[in-house]
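Good morning, and thank you for coming. I should like to take you through the interior of one protein chain, and then through its aromatic rings.

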Amino acid sequence: MTTYYALSGFQRDRLEAIASVENEPYGLALKAYLDERYAEPINHSRLYQNLSTLAEQDFINRDELDARTNEYTLTNTGRKALQRHADTLASLCEQPRSATRGRQQ
């Protein structure tokens with residue numbers, strides 16, 4: 001089984017995007033979310049290839065809504081992986097920072 005940390009940064013961003021657009025979990029909404037955060041527009045092929053990989057690795061569900069549209073949602077595995085990462089980041093932000101160059105950061 002693939003772990004969250006074995007995913008590429010781009011794949012991790014897909015999980016975040018799916019969690020963020022839960023009301024519109026379609027490819028175009030995901031692309032719009034990501035295009036706002038990346039310096040260059042996201043290539044459709046790259047987006048959908050990574051979504052397929054995440055579905056194969058049980059991080060997301062891909063359900064067909066019609067002949068042209070798929071819906072992407074987090075699986076329990078994907079949601080737990082994203083939550084663990086968020087908890088880790090939150091705990092790191094709460095820790096006191098070490099002194100650097102003789103002063104507190």
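**The nonpolar core and the aromatic pairs**

The largest nonpolar core has 20 residues, and those touching the most other members are Leu15, Ile18, Leu30, Leu51, Phe59 and Ile60. Please bear in mind that this is a predicted model. At least two core residues come from each of α1 (9-20), α2 (27-35), α3 (44-56), β2 (70-74) and α4 (76-94). The largest share, 4 residues, is that of α1. As a general remark, nonpolar side chains in soluble globular proteins tend to be buried together.

Let us take one core member individually. Setting aside neighbours within four places in sequence, Ile60 contacts Leu15, Ile18, Leu51, Leu54, Ala55, Tyr72, Thr73, Leu74 and Thr75.

I turn now to the rings. How many aromatic pairs does the structure hold? There are 2. Tyr4 and Tyr5 make an edge-to-face pair, with 5.4 Å centre to centre and 90 degrees between the planes. Is each of these two rings buried or exposed? Tyr4 is buried, because its relative accessible area is 7%, whereas Tyr5, at 52%, is exposed.

Phe10 and Tyr38 are also arranged edge-to-face, at 5.9 Å between centres and 75 degrees between planes. This pair links distant parts of the chain, since Phe10 belongs to helix α1 and Tyr38 to the loop between α2 and α3, 28 residues apart. Phe10 is buried, with a relative accessible area of 6%, while Tyr38, at 25%, counts as partly exposed.

Finally, consider the charges at Phe10. Arg14 lies over the face of Phe10, 3.5 Å from the ring centre, and the charged end of Arg46 sits over the ring of Phe10 at 3.6 Å from its centre.

Conventions. Residues are numbered from 1 along each chain as its sequence is written. This is a predicted model: local features need pLDDT of at least 70, side-chain atom pairs count only at pLDDT 80 or more; totals for chains, interfaces and linings use all residues. Side-chain values use heavy atoms; hydrogens and water are left out. A nonpolar core is a set of buried Ala, Val, Leu, Ile, Met, Phe, Trp, Tyr and Cys residues joined through side-chain atoms within 4.5 Å. Buried means under 20% relative accessible area, exposed over 50%, partly exposed in between (1.4 Å probe, protein chains only). Contact means heavy atoms within 4.5 Å. Rings of Phe, Tyr and Trp (its six-membered ring) pair if their centres lie within 6.5 Å; planes under 30 degrees apart count as stacked, over 60 as edge-to-face and the rest as tilted. A charge sits over a ring if NZ of Lys or CZ of Arg is within 6 Å of the ring centre and within 35 degrees of the ring normal.
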